[in-house]
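User: Could you take a close look at one part of this model for me? I'd like a connected account of how it is built and what surrounds it.

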Amino acid sequence: MTGSSFTTQALVATDRPSRYLVQLCKHFGHKIQTVWTEHEGELYFDFGTAVLRTRPEGLHITCTTGDAEALDRLADVVERHLVRFGAKDELVVAWSSTGQAA
């Protein structure tokens with residue numbers, strides 16, 4: 001991605017981060033390019049990228065796009081799917097935007 005980028009991050013508390021990482025990547029893999037292992041994953045949407053990493057305390061997500069509107073869209077898509085997949089675990093996604101970088 002060239003030019004400015006917008007980023008937001010979240011750490012979703014769960015004792016099963018690998019399960020949700022793989023589930024998200026497999027789900028989106030039917031529609032977009034994805035790559036993943038048990039501990040890292042990347043989702044390549046045409047309007048931005050989501051990077052997933054397992055942590056001892058949960059699933060860390062970083063979304064990066066070229067503009068603020070696309071960032072909101074990307075974060076919403078990832079969050080809605082994750083919350084739906086993790087309904088039994090009552091997953092909560094709290095985004096922390098880091099803003100724009102040149």
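**Strand 3 and its surroundings**

Analyst: Let's start with strand 3, where the side chains take turns: G41, L43 and F45 are buried on one face, while E40, E42 and Y44 point to the other face and are not buried. Keep in mind that this is a predicted model. The pattern is no surprise, because side chains in a regular strand alternate between the two faces of the sheet.

Now for the neighbours. On one hand there's strand 2 (residues 33-36), which runs antiparallel to strand 3 and is joined to it by four bridges. Within that pairing, Q33 sits opposite Y44. The two strands make a hairpin, with three residues between them. Strand 3 also pairs with strand 4, again in the antiparallel sense, over six bridges. Here E40 has R53 of strand 4 as its bridge partner, and the hairpin linking strand 3 to strand 4 goes through two residues.

Strand 3 has a part in covering helix 2 too: strand 3 (40-45) is among the elements over the buried residues of that helix, along with others including helix 1 (17-28) and strand 5 (58-65). Those buried residues are A70, L71, L74, A75, V77, V78, H81, L82 and F85. They lie on the same side of helix 2, because they cover an arc of only 160 degrees around its axis. The face turned away from that buried side carries exposed E69 and D72.

As for the helix itself, helix 2 (residues 68-85) has 18 residues and spans 26 Å from first C-alpha to last, close to the 26 Å expected. At its start, a side-chain oxygen of D67 comes to within 3.1 Å of the backbone nitrogen of E69.

Definitions and conventions: Residues numbered from 1 in each chain as written. Predicted model: local features only at pLDDT ≥ 70, side-chain atom pairs only at ≥ 80, totals over all residues. Heavy atoms only, no water. Expected span 1.5 Å × (residues − 1). Buried < 20%, exposed > 50% of the residue type's maximum accessible area, 1.4 Å probe, protein only. Arc of directions from axis to C-beta. Contact = heavy atoms within 4.5 Å. Polar contact = N/O pair within 3.5 Å; in protein donor to acceptor, adjacent residues only side chain to side chain. Pairing = 2+ DSSP bridges.
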